[in-house]
Amino acid sequence: MALRSSQWYAGDDRNSYIHRAWMRRGLPRDAFTGERPHIAIANTASDLTPCNSHLDEVAKSVEQGVWAAGGVPLNLPALSIGETNVRPTAMLWRNLAAMATEEMLRANPIDGVVLLGGCDKTIPSLLMAAASVDLPAVVMPGGPMLTGRFRGVPLGCGTDVWRLSEEVRAGTLSREAFLESESSMIRSRGHCNTMGTASTMACMAEALGMTIPGTSGTPAPDSRLLERAHDTGRLSVELVREGRRPSHVMTRASFLNAIVTLAAIGGSTNAVVHLLAIAGRLGVELELDDFDRTGSGVPLLVDLQPAGRHLMEDLFRAGGLRAVFKEVADLLDPSAITVTGRPLGDYLDGAEIWDETVIRRRADPLQPDAGIAVLRGNLAPDGAVIKPAAASPELLRHRGRAVVFDSIEDVYARLDSPDLDVDETSVLVLRGCGPRGYPGMPEVGNLPLPAKLLAKGVRDMVRISDARMSGTAYGTVVLHAAPEAAAGGPLSRVRTGDPIVLDVAARRLDVDLPEAELAAREPVMTGHARPVRGWERLYVEHVLQADRGVDLDFLTGSSGDAVGRESH
């Protein structure tokens, strides 16, 4: 078949001359004869995205695989978003990264792409871009870091930051010891070693069929990651020659398989907004309630922080994601294919669980029902989510008095005041932190607990917000309440002292007030973002709510790979 890159390089006119001449620079002559697929490596390596700082090395192995299969590899730096560094929140730029990558994939003379990501937003943004352009594509995850230890105890990056910092505030850990642990937590290159968002989205990419089966979870320093990168480069050439595109792989069946996987691994709540956004780019029918319908009865099998004890290096040695797939194989749709062209089930025969303390058998799960629960009620008419696997069971049905904060700055200013009217039965409510309100929907939903309650030994409370939380976080935390307060959602009308009722089993989240009283209140709109220029203004004016994936309204759907006009 004719290669897409030939639209640039074939011919003897001025434009084809320009395209070829400037690209030669050591490439063989047959790179431009229409016989060798040109493969972009969308590379999110950046020193300021520390979890992705090693991806240039991974890209080299991908390049070798592309050459070996007869293709032409081309490094394409992609916008990189470092979860731990960028302010105000990495989520503000997920859609920008997706849009920039989409446009560069479409604009350039390439036939296929390897999507090289790791940190939380990089794999989702790359998949959103690939879905919109629909060129042959395959994901190569950068892999998790190795387990760090402090005073003989394994440290889960992210999860132990939240835990240890609360112990400092409670007075049970010295600040000196807390700071000493800092140099032990991040032991090697790679993304978070908990089942946070980065690990979750690598697993989601595999469950969607967008990686070579068995790839996700390979530790970043493991030499087998480079071997798999080489294989991925080879496969990218095959994808072009066989015309296999993301729309062939990521079907509704694939997304439902991802939801089953999300529950079985105890994955991040952030996967909800990312999967909804990716599906929206493909035109796949996927809605918030699918996460509850499909995932609610799935058992939690992976004993990893923050829902369990172990870390990603343990999951890899215990059998990896393929062993998890095998345990829930009857719940997976066998019609979904992978980037190899074969169903996921074809790769499960050799999968084994080698450590049942890390990956549990279906008959002996950590929890029988571990999926993301979708809540509705007069506080979240369009939905909110909670991760029961990371919550306190005794709080999953709770009634308490609201203590309301209008912004995260309001939290920091008042939370530890001895005059704060709060007890362990209270419900902490944070608003103004949704997609439009912050803007960007930051990971602040797992509010710290008031210092005076920590001193009493309290370690969990019901918390409700229109924000997100880190996939490494834990607690009885209700997130993504939609519509958000900045869009006039019910959270904007809640007042301190209102009775809040959470009933996860009934899938309800309500303020126990007459509807007329709630509707008559003036919404509180303080603390909301009102940008006057640039990306933030574009984002606030066009961002969708959490129940629709927090994409921009004009980016949903696919535009394909066609470019109609020449450049000169």
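This report describes a pocket, two cavities and one buried serine in a predicted model.

**The second largest pocket**

The second largest pocket encloses about 360 Å³ of space. Its lining is made up of 19 residues, of which Gly214, Thr218, Phe316, Gly319 and Arg322 are the closest to the centre of the pocket. Two or more lining residues are given by each of helix H10 (223–242), helix H15 (312–317) and helix H16 (320–327), and H10 provides the largest share, with four residues. In chemical character, the lining of this pocket comprises eight charged, seven polar and four nonpolar residues.

**The two cavities**

Apart from the pocket, the structure contains two cavities of 30 Å³ or more, and the table sets out the volume and the lining classes of each.

| Cavity | Volume | Nonpolar residues | Polar residues | Charged residues |
|---|---|---|---|---|
| Largest cavity | about 50 Å³ | five | four | two |
| Second largest cavity | about 30 Å³ | five | three | none |

The largest cavity is lined by Glu206, Ala207, Leu208 and Gly209, together with Ser254, Asn257, Asp333, Ala336, Ile337, Thr338 and Leu344. Helix H9 (197–207) and helix H12 (252–265) each contribute at least two residues to the lining of the largest cavity.

The second largest cavity is bordered by Cys203, Ser216, Gly217, Met312, Leu315, Phe316, Gly320 and Leu321. Here H15 and H16 each supply at least two lining residues, and H15 accounts for the largest share, with three residues. These two helices also give two or more residues each to the lining of the second largest pocket. Phe316 likewise appears in both settings, as a lining residue of the second largest cavity and as one of the residues closest to the centre of the second largest pocket.

**Ser16 and its surroundings**

Elsewhere in the sequence, Ser16 belongs to helix H2, which spans residues 14–23. Ser16 counts as buried because its relative accessibility is 1%, and the cut-off for that class is under 20%. The side chain of Ser16 forms a polar contact of 2.6 Å with the side chain of Asp13. When residues up to four places away in sequence are set aside, Ser16 touches Trp8, Tyr9, Ala10 and Gly11.

Definitions and conventions. Residues numbered from 1 in each chain as written. Predicted model: local features only at pLDDT ≥ 70, side-chain atom pairs only at ≥ 80, totals over all residues. Heavy atoms only, no water. 1 Å grid on protein atoms, 1.4 Å probe; cavity = no way out; pocket = protein on both sides within 12 Å on 5 of 7 lines; lining within 4 Å. Points joined across faces, edges and corners; volume = space filled by probe spheres on them. Nonpolar A, V, L, I, M, F, W, Y, C, P; charged D, E, K, R; others polar. Buried < 20%, exposed > 50% of the residue type's maximum accessible area, 1.4 Å probe, protein only. Polar contact = N/O pair within 3.5 Å; in protein donor to acceptor, adjacent residues only side chain to side chain. Contact = heavy atoms within 4.5 Å.
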